[in-house]
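Hi,

Here is the structure I said I would pass on. Have a look at it first, and then read my notes below.

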Amino acid sequence: MACLDISWLIRVPASVLAALLHVRLFTIYHDYQHGAILRGSRIADLFFSFYGLVALAPASMWKHTHDHHHGNNCRRFGIDTIGTFPVMTVDGLREAPFRHRLFWPSEEWDFAFAALRSSSFIRANPLMHWFTGNIGYHHVHHLNSRIPFYRLPEAMAAIEGLQSPGTTSLSPKDIVRCLRLHLWDPDQDRFVSFREARRIWKTRSASASAA
């Protein structure tokens, strides 16, 4: 193929740039599906319907599942569920990991609380915020998905209650730290690694034996 004749010194950065531009385009597609931008535009509807097929995220299916995610985010905040997805717990891994599980809604569930607690702010430089369409302001987006991506920083700066979110970053250190979290520990109300889970099991086993 002709592209293989091009030096990897060009192909590698070009591929990275293409991937970053795809992220930005998907963010714009995401905002359009939320009705935050280009409402009523027939041209945008045709373009993003085609784009959704190319991105393997057809508009009809993606919007339905994503709206469900926004409307039920953290609603079933029980032992075996975080957000709208089931997770494996520290105790569940030792018991029957493939059995049917029951989930129940949290009595404390509140839309605003869920939006702010289960979403975080991703620290990034201005260039990465541009490529990602400010999706790092995710707690603001979950609070009101009709805010266009280009106004999320403005909303965060204007509302004091949005200025102290849980934060993370795209640094290698934070990415590795995230990948090490595998199981949910309901007692500590947080994710833990397999290593931490083994320590928890030993502690609980020792306590049970002593009792």
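**Salt bridges, rings and surface**

Arg177 is partly exposed, with 45% of relative accessible area. Keep in mind that this is a predicted model. The partner of Arg177 is Asp174, and the closest N and O atoms of this salt bridge are 3.5 Å apart. Asp174 is on the other side of the cut-off: its relative accessible area is 12%, so it counts as buried. Both residues belong to helix 9 (residues 172–179), where they are 3 residues apart, or about one turn of the helix. Arg123 joins in as well, since a network of salt bridges links Arg123, Asp174 and Arg177.

As for salt bridges in general, side chains of opposite charge can pair when their charged atoms come close. In this structure there are 5 salt bridges. Another one of them runs between Arg42 and Asp45, with 3.2 Å between the closest N and O atoms. These two sit in helix 2 (residues 42–54), and because they are 3 residues apart there, about one helical turn separates Arg42 from Asp45. Arg42 is exposed at 56% relative accessibility, while Asp45 is partly exposed with a relative accessible area of 28%.

Then there is Glu154, whose side chain meets that of Arg151 in a salt bridge at 2.8 Å, N to O. Glu154 has 46% relative accessibility and counts as partly exposed. Arg151 is partly exposed too, at 39%.

Now to the rings. How many aromatic pairs does the structure hold? The count is 11. One of these is made by Phe26 and Trp62: the ring centres are 5.7 Å apart and the planes stand at 90°, which means the pair is edge-to-face. This pair ties together distant parts of the chain, with Phe26 in helix 1, Trp62 in helix 3 (residues 59–72), and their positions 36 residues apart. Phe26 is partly exposed at 25% relative accessibility, but Trp62 is buried, with a relative accessible area of 14%.

Trp62 has a further aromatic partner in Tyr29, and that pair is tilted, at 5.6 Å centre to centre with 45° between the planes. Here again distant parts of the chain are linked: Tyr29 is in helix 1 and Trp62 in helix 3, 33 residues apart. Is Tyr29 buried or exposed? Tyr29 counts as buried, at 0% relative accessibility. If you want to display the whole group, ring pairs connect Phe26, Tyr29, Tyr32, Phe47, Phe48, Tyr51 and Trp62 into a cluster.

There is also a charge over a ring: Arg24 lies over the face of Trp130, 4.0 Å from the ring centre.

Helix 3 has another residue to look at, namely His66. With 15% relative accessibility, His66 counts as buried. Which residues does His66 contact, leaving aside its neighbours within four places in sequence? They are His30, His34 and His141.

On the outside, I found a nonpolar surface patch of about 610 Å², made by Ile6, Trp8, Leu9, Ile10, Val12 and Val16. Leu9 in this patch belongs to helix 1 (residues 8–34). The relative accessible area of Leu9 is 57%, so Leu9 is exposed.

Finally, some totals for the chain. The secondary structure comes to 10 helices and 6 strands. There are 211 residues, and 33% of them count as buried. The accessible surface is about 13,700 Å², with 64% of that belonging to carbon and sulfur atoms. For contacts with a separation of 6 or more, 56% are between residues 24 or more positions apart.

If you have the viewer open, I would begin with Trp62, which pairs edge-to-face with Phe26 and in a tilted way with Tyr29. After that, go to His66 and its contacts with His30, His34 and His141.

Cheers

Terms used
Residues are numbered from 1 along each chain as its sequence is written. This is a predicted model: local features need pLDDT of at least 70, side-chain atom pairs count only at pLDDT 80 or more; totals for chains, interfaces and linings use all residues. Side-chain values use heavy atoms; hydrogens and water are left out. Patches are made of residues with over 30% relative accessible area and no salt bridge: like charges are joined within 9 Å, nonpolar side chains (Val, Leu, Ile, Met, Phe, Trp, Tyr) within 5 Å. Accessible areas come from the Shrake-Rupley method with a 1.4 Å probe; for residues, only the protein chains shown count as cover. A salt bridge is a side-chain nitrogen of Lys or Arg within 4 Å of a carboxyl oxygen of Asp or Glu. Helices (H or I, at least four residues) and strands (E, at least two) are DSSP runs, numbered from the N terminus. Buried means under 20% relative accessible area, exposed over 50%, partly exposed in between (1.4 Å probe, protein chains only). Rings of Phe, Tyr and Trp (its six-membered ring) pair if their centres lie within 6.5 Å; planes under 30 degrees apart count as stacked, over 60 as edge-to-face and the rest as tilted. A charge sits over a ring if NZ of Lys or CZ of Arg is within 6 Å of the ring centre and within 35 degrees of the ring normal. Contact means heavy atoms within 4.5 Å.
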